[in-house]
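Please take a moment to look over the sequence and the 3D structure before reading on. The paragraphs below lead from one side chain outward to its surroundings.

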Amino acid sequence: MDDYKFNTLSIHGGDEGKNPENALNYPLFLTSTFTFNDLEHAEKTFSFECKDYVYTRGNNPTTRLLEKRLACLEGGADCVVFSSGMAAISSALLSLLKPGDELIAHQVLYGSSYKVIKEVLPRYGIKTSFIDLTQIDKLKTGITDKTTLIYFETPVNPNLEIIDIKEVSQLCSSHNIKVVVDNTFATPFYQNPLKLGADVVIHSATKYLNGHGDVLAGAVIARDQEYIHELKFNYLTELGGVLSPFNSWLVLRGLKTLGLRMREHEKNASKIAKYLKNHPGINRVYYPGLQDFKGYEIAKKQMSGFGAIISFEIMGGYQDIKRAVESLNLIKLAVSLGDAETLIEYPFGMTHRDYSGQELARMGLNKNMVRLSVGLENYEDIIADLDQALSK
Ligand SMILES: Cc1ncc(COP(=O)(O)O)c(C=O)c1O
């Protein structure tokens, strides 16, 4: 299986021979519990001597296939899926940290991840700090003998900064520090953090992996099989953030076209980024595929494509942003990303509103930024909609 290329793996990865009843699609096992032949069978299943299923909070065949497929796509030993990206992130962080440990995160993160790290983890005796991880020297000076975990997204939500996964991982492995990367924006089609030295990869599978805007899901993939076993049976099963089998089945369906969708998303995004760059009403465009973008060279090195999220700053003030986003017809004002529909949002008033004005100023972030998740419509229609809205 490992020899197959990406699109083949997104359709067949993790397959174990024939499906039940010779079905082409792996069936949806919509059952909460599984029956045992006798007590001995039950006890052997509980003690992992027998690989049968017990209860869908612990394991389910449809969900298990999704886990194996995602592990194949990311090149990991195994995977655990969760009921949302945030369930995956919070469970992974809790499983990897203990009181007294120190976590360093990149200074810009998806808003809810930022809140968990800033406000929730410290309640459990974990010290957290935020550093600009695009500058490796800052990380070198930030690491202490208690640092056990580094956490970041690349590309970063919402300003698309690029963090050098290999450079951070090399530094961390010499200090015995684990590296966790949220790979939601790039997807395994464009970037494999484990192959660049990271220990754990996280996804909001709500986004591109599912791709159809009808599911919330999350995933944790790791190089270490033992860690995945611990995460599954001590954190997923016991904390209970389980993905429903139906949603697992939908994500499996979405994955079949991941490579095709990503290519089309990116083709559209590169046209739109160029259009925005030349627009007189736009101050600045954030897209890793633009040659003058700060992270371009690292993105080119560690990604096989630049993805399809573009942020940009509209000239003027809040009223100008309001007028522009409210004048759009085809493009919808909504959080989330990675769907067939093009979506726009205003991060520092919506998803990232927990960042204070002072924090934004310190990090050089402009509140006027809007984030566009470029969909699969014809790019000419997306550009025409942006054009009429920006002209107002
Ligand atoms: C980069 C990133 N990570 C994690 C999440 C959280 O995922 P979910 O909404 O599936 O919980 C999001 C959501 O937007 C995200 O953009």
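In this predicted model, a good place to begin is Lys-207, whose side chain makes a polar contact with the side chain of Ser-204 at 3.1 Å. Lys-207 sits in the loop between β6 and β7, and the UniProt annotation "modified residue: N6-(pyridoxal phosphate)lysine", which comes from an unreviewed entry, covers this residue. Is Lys-207 buried or exposed? Its relative accessibility is 14%, and because buried means under 20% relative accessible area, Lys-207 counts as buried. Leaving aside residues up to four places away in sequence, Lys-207 touches Thr-184, Ser-336, Leu-337 and Gly-338.

From here we can turn to the ligand. There are 14 residues around the ligand, and those that come nearest are Met-86, Asp-182, Ser-204, Thr-206 and Lys-207. For Lys-207, a polar side-chain atom lies 2.8 Å from an oxygen atom of the ligand, while a polar side-chain atom of Asp-182 lies 2.6 Å from a nitrogen atom of the ligand. Asn-157 also takes part, with an N or O atom of its side chain 2.9 Å from an oxygen atom of the ligand.

The next step is the sheet. Strands of a sheet pair through backbone hydrogen bonds, and they do so in either a parallel or an antiparallel way. In which order do the 7 strands of the open sheet follow one another? The order is β1-β7-β6-β5-β4-β2-β3, and the pairing is mixed. The edge strands are β1, residues 78-82, and β3, residues 127-131, each of which pairs on one side only. From one strand to the next, the twist averages 20 degrees. As an example of a pair, β4 (residues 147-153) and β5 (residues 178-182) run in the parallel sense and are joined over 5 bridges, and Tyr-151 has Val-180 in β5 as its bridge partner.

Helices pack on this sheet as well. Helix α4, residues 85-96, touches β1, β4, β5, β6 (200-204) and β7 (218-222), and the direction of α4 makes about 155 degrees with that of β6. Helix α5, residues 111-120, also packs on the sheet, where it touches β2 (102-106), β3 and β4, and the direction of α5 makes about 135 degrees with that of β3.

Finally, some backbone details deserve a careful look, beginning with the loop between β4 and α7 (165-174), where Pro-155 has its place. The peptide bond from Thr-154 to Pro-155 is cis, with omega near -5 degrees. Pro-158 is found in the loop between β4 and α7, and the peptide bond that leads to Pro-158 from Asn-157 is cis too, with omega near 10 degrees. Leu-160 is placed in the loop between β4 and α7, and its phi is near 60 degrees, a positive value in a residue other than glycine. With a relative accessibility of 1%, Leu-160 counts as buried.

A positive phi is also found at Phe-48, where the angle is about 65 degrees although the residue is not a glycine. Phe-48 lies in the loop between α2 (39-46) and α3 (61-74), and at 47% relative accessibility Phe-48 counts as partly exposed.

Methods: Residues numbered from 1 in each chain as written. Predicted model: local features only at pLDDT ≥ 70, side-chain atom pairs only at ≥ 80, totals over all residues. Heavy atoms only, no water. Pairing = 2+ DSSP bridges. Helix = DSSP H or I, 4+ residues; strand = E, 2+ residues; numbered from the N terminus. Axes fitted to C-alpha atoms, helices over the stretch in contact; angles between N-to-C directions. Contact = heavy atoms within 4.5 Å. UniProt positions renumbered as here; feature names shortened; annotations may be inferred. Buried < 20%, exposed > 50% of the residue type's maximum accessible area, 1.4 Å probe, protein only. Polar contact = N/O pair within 3.5 Å; in protein donor to acceptor, adjacent residues only side chain to side chain. Near = heavy atom within 4 Å.
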